[in-house]
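Trainee: I would like to go through this model with you, starting from the overall figures and ending with single side chains.

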Amino acid sequence: MAGKKTAKVPRAAYEQELLRLQTELVKLQEWVRAEGTRLVVVFEGRDAAGKGGTIKRVSEHLNPRVARTVALPKPTERERTQWYFQRYVEHLPAAGEIVLLDRSWYNRAGVEHVMGFCTKEEYQLFLRQCPIFERMLVEEGILLRKYWFSVSDTEQQKRFRQRLKDPTRRWKLSPMDLESITRWEAYSRAKDEMLVHTDISEAPWFVVESDDKRRARLNMIAHLLGSVPYHEVPPPVLKLPPRPPSTGYQRPPRDLQTYVPDHAASL
C-alpha cells in the first residue's frame, strides 16, 4: 500500500462518525426512492480486504426493499454459455433502488483470469467490452460507483490467520483464498491491467486503503455520500392513532401454546 502509515481510528470516534454517516445513508436512500434514482455500488478488492464488513455497515440501517446486496455464486453451466454480462444485468436496480455488488463482473478481470477459469480470448473480450457496458449503464441514467479495497500482503495474511482461529469466521476462508497467497503478484498485475482498461471518466475507480478497517469504512461511506447529489426528503407526517377500547378479547391460556425455553435465565 502506498502512503505513510497513519494511526488507527479510535473506537469511540469511529462509532460516533459511523452512526452519523449511516444516518446520512438513510437520507440518501429516501432521496433515491423519492427521485426514482438507480444506484449501483461495486465493491472489489483482494480476499480479506474488508469489502464484506463495509457492505454490512453501509446496509445496516437501510430498507432491504430499497437497498439490496448482490453476491452471486459461481455461474451455472447454462450461465457459462450466456453473454458474460447477462447474469449481472438482471440484478441491476429499477427506479428507486440501490444495489450493492459484493464482487461483480470484475471477477473475470481478477479471479477468473488469474486462476485460469476463463480463456485469454474471453479475458481480452472483457477488457474491451467492460468500458462499453459501463458507459451504457451511465447513459441509461444509472449512478455507478466503483471501489477497490487495497490491503497489504502482511495485513491480508494476518486476517487469514484470524479467520483460521475464529470459528464464527472460519467459513470466510476458502481454498481459493489460500491460493491467492501464492499468486499475490499475479493478482497485482491483473488489478493494474484492469484499472488501465476500465478506469474511465464516466465510471472511474476509487481506491480505498483498507489496512485499517475502521478508516476504510468511514472513508468509503463518506466518499459515496459526497459523490451523489442527494438532499434530505421530508418524511411523511405520521401520528399514532389512539388504541380502541377493549371489546372483551382474552388471550388463550399459555399452556395451549409451545414457547421456546428461557435459555437466558440460565446465564
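The questions below go from the whole chain to its salt bridges and then to a few single residues.

Trainee: This is a predicted model. How many helices and strands does the secondary structure of the protein come to?

Mentor: The C-alpha trace spans about 75 × 50 × 45 Å along its principal axes. Within that span the secondary structure comes to ten helices and five strands.

Trainee: Among contacts between residues at least 6 apart in sequence, what share joins residues at least 24 apart?

Mentor: The protein has 267 residues, and 39% of them count as buried. Taking the contacts between residues at least 6 apart in sequence, the share that joins residues at least 24 apart is 81%.

Trainee: What part of the exposed area do carbon and sulfur atoms supply?

Mentor: The protein exposes about 16700 Å². Of this area, carbon and sulfur atoms supply 55%.

Trainee: How far apart do the centres of the positive and negative side chains lie?

Mentor: Two sets enter here, 44 positive side chains and 35 negative ones. The distance between the centres of these two sets is 5 Å.

Trainee: How many salt bridges does the count come to?

Mentor: The rule asks for a side-chain nitrogen of Lys or Arg within 4 Å of a carboxyl oxygen of Asp or Glu. Arginine 183 and glutamate 179 meet it, with their closest N and O atoms 2.8 Å apart. By this rule the count comes to 20 salt bridges.

Trainee: Are arginine 183 and glutamate 179 buried or exposed, or in between?

Mentor: Buried needs under 20% relative accessible area and exposed needs over 50%. Arginine 183 has 28%, and glutamate 179 has 28% as well. Arginine 183 is therefore partly exposed, and glutamate 179 also counts as partly exposed.

Trainee: In which helix do arginine 11 and glutamate 15 lie?

Mentor: Their side chains meet in a salt bridge, 3.4 Å from N to O. Arginine 11 is partly exposed at 48% relative accessibility, and glutamate 15 is partly exposed at 45%. The two are four residues apart, about one turn of the helix, and both lie in helix 1 (residues 11–35).

Trainee: How many residues apart in sequence are the parts that glutamate 232 and lysine 27 tie together?

Mentor: The side chains of glutamate 232 and lysine 27 meet in a salt bridge of 3.8 Å, N to O. Glutamate 232 lies in the segment after helix 10 (213–227) and lysine 27 in helix 1, so the parts tied together are apart in sequence by 205 residues.

Trainee: Which residues are linked in a network of salt bridges with Lys27?

Mentor: Lysine 27 is partly exposed at 24% relative accessible area, whereas glutamate 232 counts as exposed at 52%. The residues linked with Lys27 in the network are Glu24 and Glu232.

Trainee: Which side chains make a polar contact with the side chain of glutamate 30?

Mentor: Glutamate 30 lies in helix 1 and counts as partly exposed at 25% relative accessibility. One polar contact of its side chain, at 2.7 Å, is with the side chain of glutamine 29. Another, at 2.6 Å, is with the side chain of arginine 33.

Trainee: Arginine 163 is buried yet has no salt bridge; which side chain of opposite charge is nearest?

Mentor: Arginine 163 lies in helix 7 (residues 153–165). A salt bridge needs the N and O atoms within 4 Å, and the nearest side chain of opposite charge is 4.6 Å away. That side chain belongs to aspartate 177.

Trainee: Which backbone oxygen lies 3.5 Å from a polar atom of the side chain of arginine 163?

Mentor: Beyond its neighbours within four places in sequence, arginine 163 is in contact with Ala48, Arg169, Arg170, Lys172 and Leu173. The backbone oxygen at 3.5 Å from a polar atom of its side chain is that of lysine 172.

Trainee: What value is phi of alanine 48 near?

Mentor: Alanine 48 lies in the loop between strand 1 (38–45) and helix 2 (51–59). It is buried, with a relative accessible area of 7%. Its phi is positive in a residue other than glycine, near 65°.

Trainee: In which loop does arginine 103 lie?

Mentor: Phi of arginine 103 is also positive, near 70°. Arginine 103 counts as partly exposed at 22% relative accessibility. It lies in the loop between strand 3 (97–102) and helix 5 (111–115).

Conventions: Residues are numbered from 1 along each chain as its sequence is written. This is a predicted model: local features need pLDDT of at least 70, side-chain atom pairs count only at pLDDT 80 or more; totals for chains, interfaces and linings use all residues. Side-chain values use heavy atoms; hydrogens and water are left out. Buried means under 20% relative accessible area, exposed over 50%, partly exposed in between (1.4 Å probe, protein chains only). Lys and Arg count as positive and Asp and Glu as negative; His and the chain ends are not counted. A polar contact is a pair of N or O atoms within 3.5 Å; within protein, one must be able to donate a hydrogen and the other to accept it, and residues adjacent in sequence count only if both atoms are side-chain atoms. Contact means heavy atoms within 4.5 Å. Accessible areas come from the Shrake-Rupley method with a 1.4 Å probe; for residues, only the protein chains shown count as cover. The place of a charge is taken as NZ of Lys, CZ of Arg, CG of Asp or CD of Glu.
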